[in-house]
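Biologist: Please take me through this structure and, for each label you attach, set the value against the definition behind it.

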Amino acid sequence: MTLSTHLTRRLLQLYVGLALYGVSSGLLVRAGLGLEPWGVLHQGLARHTGLSIGVVSIIVGAAVLLLWIPIRQRPGLGTVSNVFAIGVFMDGTLAVVPDAHGLLAQVPLMAGAIVCNGVATGLYISARFGPGPRDGLMTGLHKATGRSIRLVRTGLEVVVVASGFLLGGSLGIGTVLYALSIGPLAQFFLRVFAIPEPAREGASGPTVTSPPPAGSAVVAGATPERAILPG
């Protein structure tokens, strides 16, 4: 794989992944059985501001990015793209997909959305263009406080979900299933979409980015080096 081909594949994976992430978030809304933790907050804020949930996602992402400054996190292309692309594709999905009615429609839509989110996570993390704003906040707080990534992530998501629920966000079985399944799904699709390194002069062949070890904690939105963090 040449350098230009390598970069092209990374960019393609980044933007396809972010687009699919926005689509999956929109499908979770239409399924009506509960959203991912940050989605609960975005939906709650949207109900009180009159803004679309995608626009709220962009605003919250930009606000979270400002919190990187005191914890000295550095954004990448993927970080900035994450702020805007997911919200745009989420609103686009909501504009064309109607609400699902009845469990026979809601459950398959919810399951498909969660799997799609796992595919999206594997795609854009493997592109290695930097973590999303929310995950950069999490890893930054982990470094700044010395607390485990599990403790920081749990604390943040409890605050986010509780705030979103109090604002009227959708909390349900979909929220629980997302929380339980996104780690294993992302772990699997990180392996599927791992990108071989470009061939180096004198090397016998391209190397492949090592997949994360089984049982590692996956932080969605981070680069592979930062996505797999000890608890």
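Biologist: Where is I173 found, and why is I173 called partly exposed?

Modeller: I173 is found in helix α8, which covers residues 173-192; helices (H or I, at least four residues) and strands (E, at least two) are DSSP runs, numbered from the N terminus. The relative accessibility of I173 is 46%; buried means under 20% relative accessible area, exposed over 50%, and partly exposed in between, with a 1.4 Å probe and protein chains only. I173 therefore counts as partly exposed.

Biologist: What are the ground rules for these values?

Modeller: This is a predicted model, in which local features need pLDDT of at least 70 and side-chain atom pairs count only at pLDDT 80 or more, while totals for chains, interfaces and linings use all residues. Residues are numbered from 1 along each chain as its sequence is written, and side-chain values use heavy atoms, with hydrogens and water left out.

Biologist: What makes I173, V176, L177 and L180 a patch?

Modeller: Patches are made of residues with over 30% relative accessible area and no salt bridge, like charges being joined within 9 Å and nonpolar side chains (Val, Leu, Ile, Met, Phe, Trp, Tyr) within 5 Å. I173, V176, L177 and L180 form such a nonpolar patch on the surface, with about 360 Å² of accessible area together; accessible areas come from the Shrake-Rupley method with a 1.4 Å probe, and for residues only the protein chains shown count as cover.

Biologist: How many aromatic pairs does a search of the whole structure find, and why is the pair of F188 and F189 called edge-to-face?

Modeller: The search finds three aromatic pairs. For F188 and F189 the distance is 5.0 Å centre to centre, with 75 degrees between the planes; rings of Phe, Tyr and Trp (its six-membered ring) pair if their centres lie within 6.5 Å, and planes under 30 degrees apart count as stacked, over 60 as edge-to-face and the rest as tilted. F188 and F189 are therefore a pair, and an edge-to-face one.

Biologist: Why is the pair of F189 and F193 called stacked, and is F189 itself buried or exposed?

Modeller: F189 and F193 have 20 degrees between their planes at 6.1 Å centre to centre, and they are classed as stacked. F189 has a relative accessible area of 13%, so it is buried, and F193, at 19%, counts as buried too, whereas F188, with 48%, is partly exposed. Ring pairs link F188, F189 and F193 into a cluster.

Biologist: How do you know that R30 forms a salt bridge with D99?

Modeller: The closest N and O atoms of R30 and D99 are 3.0 Å apart, and a salt bridge is a side-chain nitrogen of Lys or Arg within 4 Å of a carboxyl oxygen of Asp or Glu. R30 lies in helix α1 (residues 3-31) and D99 in the loop between α4 and α5, so this pair ties together parts that are 69 residues apart in sequence. R30, with a relative accessible area of 18%, is buried, while D99, with 41%, is partly exposed.

Biologist: What separates E157 and R153, which also form a salt bridge?

Modeller: E157 and R153 have their closest N and O atoms 3.4 Å apart, and, being four residues apart in helix α7 (residues 149-166), they are separated by about one helical turn. At 22% relative accessibility E157 counts as partly exposed, and R153, with 23%, is also partly exposed.

Biologist: What makes R10 a charge over the ring of F129?

Modeller: R10 lies over the face of F129 at 4.1 Å from the ring centre; a charge sits over a ring if NZ of Lys or CZ of Arg is within 6 Å of the ring centre and within 35 degrees of the ring normal. R134 likewise lies over the face of W38, at 5.4 Å from the ring centre.

Biologist: Which phi does R128 have, and why is R128 called buried?

Modeller: R128 has a positive phi of about 60 degrees although it is not a glycine, and it is found in the loop between α5 (103-126) and α6 (133-145). Its relative accessibility is 13%, so R128 counts as buried. R72 also has a positive phi of about 60 degrees without being a glycine, but R72, at 75% relative accessibility, counts as exposed.
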